[in-house]
Amino acid sequence: MPVSEITRHLILDYLRGESAVYHGKMDEIEFLGRLFDLTKIKSDDPRSKTFRGDISTHRYQFQDWENSWIYTDDRFALARADDGLFLRFLCQMLHPLTLRPRTEAARLLGEFNKYLAADGWQIARGGEISGKPYYEPAVYSRGRVGALGKVKRLPVALTSLQLARQIKRLESSVDSDPELAIGTAKELLETVCRTILGERGQPVTGAPDIPTLNRLTLKELDLLPDHAHAHSKGTEVMSRLLSNLGSITHGVAEIRGLYGTGHGKDGNNPSLDARHARLAIGAAATMATFLYETHLANRAALPRP
């Protein structure tokens, strides 16, 4: 789907009103040289032969062009440029070499994606360069996280306001704020474990960590089949599988501690991408679904309150 003229003008109008210059602290000619061949664009100033010289004259020597000149210059025509060039221009504004403050980059990214979403596009994290994030154009995912589908269909998800909020937060942050999504994935698993224990008459007091909650839940659910012989092959395999399932919760808790929200971190701490957030969400959602479905399957055997 093309980036509409309306969307382009909304973004360019926003940028013209921003105090931040488009190239950040990067050299302006270097910034534009990554997108255009400045030596092949003719100058309209007799003092220069090429547009590269034009920029040098008006931006460095006489400084008679405003910081927002790029948004209205007909030779670049950002409002009419092809989609790829327009989106690359926005991504270049967020490149690590622009040396923008993190808060400023986050604000720009949020505004870009707010407008681009209407046309099915987004600026997404592509990876890191020397520990700093860079961005690429991507099709807008609209927050769809496949693993959450089964969680959303669980009865408890329809009645628990807490779970509903967590699911909504996961869907809205998986692309825009992977750290928040990772932290919320851990919270979702905690909520499901606490809910299961509460519904089985074993409410949790205090603030146990997620591995402890997982052990309490597995113990309460008594997941080993009663009919399996203590030394049978099936029991051995089931025990190993349950142990691996338990490691999921440990993994989600550890990755949240390292990269998710909830704890202050060193200012140079590396960040993760949306794909890592989806992995954490998928693991937490799979475990949460399995535990709650097991709880429902054998709840008939529980004593009536």
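Which residue just after helix 3 takes a positive phi? In this predicted model, that residue is Gln63, with a phi of about 50°.

Helix 3 itself spans residues 51-61. Its buried residues are Phe51, Asp54, Ile55, Thr57, His58 and Arg59. Seen down the helix axis, these residues fall within an arc of 165°, so they line one face of helix 3. Their packing partner is helix 2, residues 28-33.

A buried acidic residue was examined next. Asp119 sits in a loop. This loop runs between helix 5 (102-116) and strand 1 (121-129). Asp119 is buried, yet it has no salt bridge. The nearest side chain of opposite charge belongs to Arg8, 7.2 Å away. A salt bridge requires a separation within 4 Å, so Arg8 does not qualify at 7.2 Å. The side chain of Asp119 does have a polar atom 2.9 Å from the backbone nitrogen of Ser4. Ser4 is also among the contacts of Asp119 once neighbours within four places in sequence are left aside. The others on that list are Met1, Pro2, Val3 and Thr7.

A further buried position lies in helix 9, which covers residues 178-199. Thr191 belongs to this helix. Its relative accessible area is 13%. Buried means under 20%, so Thr191 counts as buried. Thr191 touches Gln162, Leu163 and Gln166, with residues up to four places away in sequence not counted. Ala288 is 97 residues from Thr191 in sequence. In space, the two are 9.0 Å apart, C-alpha to C-alpha.

Notes. Residues numbered from 1 in each chain as written. Predicted model: local features only at pLDDT ≥ 70, side-chain atom pairs only at ≥ 80, totals over all residues. Heavy atoms only, no water. Helix = DSSP H or I, 4+ residues; strand = E, 2+ residues; numbered from the N terminus. Buried < 20%, exposed > 50% of the residue type's maximum accessible area, 1.4 Å probe, protein only. Lys, Arg positive; Asp, Glu negative; His and termini not counted. Polar contact = N/O pair within 3.5 Å; in protein donor to acceptor, adjacent residues only side chain to side chain. Contact = heavy atoms within 4.5 Å. Arc of directions from axis to C-beta.
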